[in-house]
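Have a look at the fold below and turn it around a few times. Then let's walk through how its pieces sit against each other.

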Amino acid sequence: MKKEFGKWLMDIAKYITTAVILSSIFSDIQETLLLYISGILTASIALIWGPYLVKERPVKNKKRR
């Protein structure tokens, strides 16, 4: 479950980055600085959190006595 959510977050980061770049190219938005800051911040959070969730962790074996 965590792995799939991490992959989803990385995809969302790509889509946000693409949307910010394309919207700045194709339209004349008055608040481009706010758009860039919010897009970069959101994509950065998703790119940091996504790979953290995808990373495989070693399984701890419990020893029985």
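Start with Ala 43. If you ignore the neighbours within four places in sequence, Ala 43 is in contact with Ala 13, Ile 16 and Thr 17. Keep in mind that this is a predicted model, so read every contact here as one in the prediction.

Ala 43 and Ala 13 turn up again in the largest nonpolar core, together with Leu 9, Ala 46 and Leu 53, for five residues in total. Two elements give two or more residues each to this core: helix H1, spanning 2-26, and helix H2, spanning 32-54. The largest share comes from H2, with three residues.

Now zoom out to the whole chain. What secondary structure does the protein chain have? You'll find two helices and zero strands. The chain has 65 residues, and 14% of them are buried.

How do H1 and H2 sit relative to each other? Two packed helices are described by the angle between their axes and the distance between those axes. Here the axes of H1 and H2 come within 7 Å and cross at roughly 160°. Angles over 145 degrees count as roughly antiparallel, so that is the label for H1 and H2. The crossing of the two helices is left-handed. Sort the residues in the contact of H1 with H2 by class and you get 15 nonpolar, seven polar and three charged.

The contact pattern along the chain is worth a look too. Take the contacts between residues at least 6 apart in sequence: 74% of these join residues at least 24 apart.

For a single example, go to Gly 50, which is in helix H2. Is Gly 50 buried or exposed? Its relative accessible area is 0%, and the cut-off for buried is under 20%, so Gly 50 counts as buried. Leaving out neighbours within four places in sequence, Gly 50 is in contact with Gly 6, Leu 9 and Met 10. Leu 9, you may recall, is one of the core residues. Gly 50 also pairs up in space with Phe 5: the two are 45 residues apart along the chain, yet their C-alpha atoms are separated by 7.3 Å.

Finish at Met 1, in the segment before H1. Met 1 has 87% relative accessibility, and exposed means over 50%, so Met 1 counts as exposed. From C-alpha to C-alpha, Met 1 is 9.3 Å from Leu 53, though their positions lie 52 residues apart in the sequence count. Leu 53 is another member of the nonpolar core where we began.

Conventions:
Residues numbered from 1 in each chain as written. Predicted model: local features only at pLDDT ≥ 70, side-chain atom pairs only at ≥ 80, totals over all residues. Heavy atoms only, no water. Core = buried A, V, L, I, M, F, W, Y, C linked by side-chain atoms within 4.5 Å. Buried < 20%, exposed > 50% of the residue type's maximum accessible area, 1.4 Å probe, protein only. Helix = DSSP H or I, 4+ residues; strand = E, 2+ residues; numbered from the N terminus. Contact = heavy atoms within 4.5 Å. Axes fitted to C-alpha atoms, helices over the stretch in contact; angles between N-to-C directions. Parallel < 35°, antiparallel > 145°, perpendicular 65-115°, else oblique. Left-handed = near helix turned anticlockwise from the far one by under 90°. Nonpolar A, V, L, I, M, F, W, Y, C, P; charged D, E, K, R; others polar.
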